[in-house]
Amino acid sequence: MNFAPSQSDQGVKATTGGDAPLAGFSQGSFQRLVENMADGILVVDLDGSVLYANPAAAAIFGKPVESLLHVPLGRPVVSGDIAEIQVRRPGKSPAEVEMRVVEIGWDGDDALLASLRDVSAQRAAQEIQRQSQKMEAIGRLAAGIVHDFNNILAVVQAGVRLLQKQIADNPSGPKVELLLSELLKRTQNGSALTQQLLAFSRRQELSPETVDLNERLEGLSTLLDQTLGSGIFVCKNLDPALEHVHIDANQLEVAILNLAVNARDAMAGKGKLTIETSNAPDGAEGIANPAPFIRVTVTDTGCGMSKETLAQVFEPFFTTKPSGNGTGLGLSQVYGFVTQSGGHVRIDSEVGRGTSVNLFLPRK
């Protein structure tokens with residue numbers, strides 16, 4: 001048998017955690033100190049043979065104490081102060097163990113002391129919790145999909161019934177074409193819903209191109225005015241030195257419109273919406289792999305969001321709006337599109353002080 005470090009700890013040298021070797025112990029005094037400890041204690045010589053094991057260590061290995069003594073387990077290897085290792089046991093599943101190692105003197109010779117804590121039950125409980133959260137999220141997703149598609153189907157079914165009646169009464173009448181056009185629009189709503197889901201899962205097909213973001217935002221002015229209403233004052237602060245971005249222009253416009261509509265709702269139809277652009281410096285916002293970005297920020301003077309709401313805003317079908325006033329897919333579409341495009345999203349918000357959504361998009 002041997003120590004089985006987790007993959008991340010393979011090949012790492014043994015460490016004392018920066019401490020000097022402990023003072024030498026006699027076997028008798030040491031045993032009295034650790035015999036009843038809940039944590040397992042192993043002492044091995046520099047060749048890896050076991051010199052001492054307390055009952056808790058024997059329980060972790062699933063062996064009597066006597067069967068561990070003088071067994072060549074190998075030198076424990078750790079990285080940093082604590083390492084997670086896997087201990088293989090006869091007839092049982094492996095134990096997940098946290099291990100600390102220090103150098104000690106043992107009856108005049110150098111040795112290594114390993115403190116072992118069995119965290120198998122804790123890890124199992126954490127995995128159960130993760131699975132529970134995953135299933136809860138899947139349930140919310142499924143419920144939202146069912147709700148939205150049922151609404152679309154109900155409209156289509158009602159339209160088909162009206163169409164049947166109209167065809168029976170006057171098959172060549174103008175209402176037939178009108179009803180067919182309306183039904184086509186409803187089926188397009190279903191297609192739009194699937195595209196939003198694909199955007200969230202980052203599986204939609206994108207067609208990136210070189211885009212002048214300022215020009216696109218100026219082109220959206222009329223549509224924004226019509227969508228937001230007269231109660232929303234739109235202010236644009238566009239950096240004239242803004243570099244071009246490499247992005248799917250159509251999906252970018254959808255993302256901006258989603259943010260604008262969310263902002264309108266947060267302001268209850270009255271307030272100020274500010275759209276800003278700027279060149280973000282490389283490595284901004286602590287990104288692990290720094291890359292050149294431009295930033296577009298959409299800021300509203302609305303109600304703001306609590307920390308609890310912020311933690312869930314990117315989940316599909318999560319919404320704080322009343323039933324029937326939104327699908328909860330707007331921000332998930334924004335998140336999925338920006339992330340799939342190689343960028344990232346940051347939201348700054350506080351209850352009563354409005355919200356700023358920052359989109360970091362890759363430069364050309």
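In the predicted model, Val43 of strand β3 has Tyr52 as its bridge partner in β4. The two strands, β3 and β4 (residues 50–53), are antiparallel and paired through 3 bridges. They make up a hairpin in which 4 residues lie between the strands. Within this turn, Gly48 adopts a positive phi of about 95 degrees.

Strand β3 also pairs with strand β7 (residues 109–118), again in an antiparallel arrangement, with 6 bridges between them. Here Val43 is placed opposite Leu113 of β7. Val43 thus has a partner in β4, namely Tyr52, and a counterpart in β7, namely Leu113.

The burial of β3 (residues 40–45) was examined next. Of its 6 residues, 6 are buried, so the strand is largely enclosed by the rest of the structure. In a regular strand, side chains point alternately to the two faces of the sheet. In β3 both faces are covered. Gly40, Leu42 and Val44 are buried on one side, and Ile41, Val43 and Asp45 are buried on the other.

The cysteines were considered separately. The disulfide count is 0, as judged by the criterion of sulfur atoms within 2.5 Å. Cys235 has a relative accessible area of 18% and is therefore buried, the cut-off for that class being under 20%. Cys303, with a relative accessibility of 47%, is classed as partly exposed, because exposed residues are those over 50%.

Conventions. Residues numbered from 1 in each chain as written. Predicted model: local features only at pLDDT ≥ 70, side-chain atom pairs only at ≥ 80, totals over all residues. Heavy atoms only, no water. Buried < 20%, exposed > 50% of the residue type's maximum accessible area, 1.4 Å probe, protein only. Pairing = 2+ DSSP bridges.
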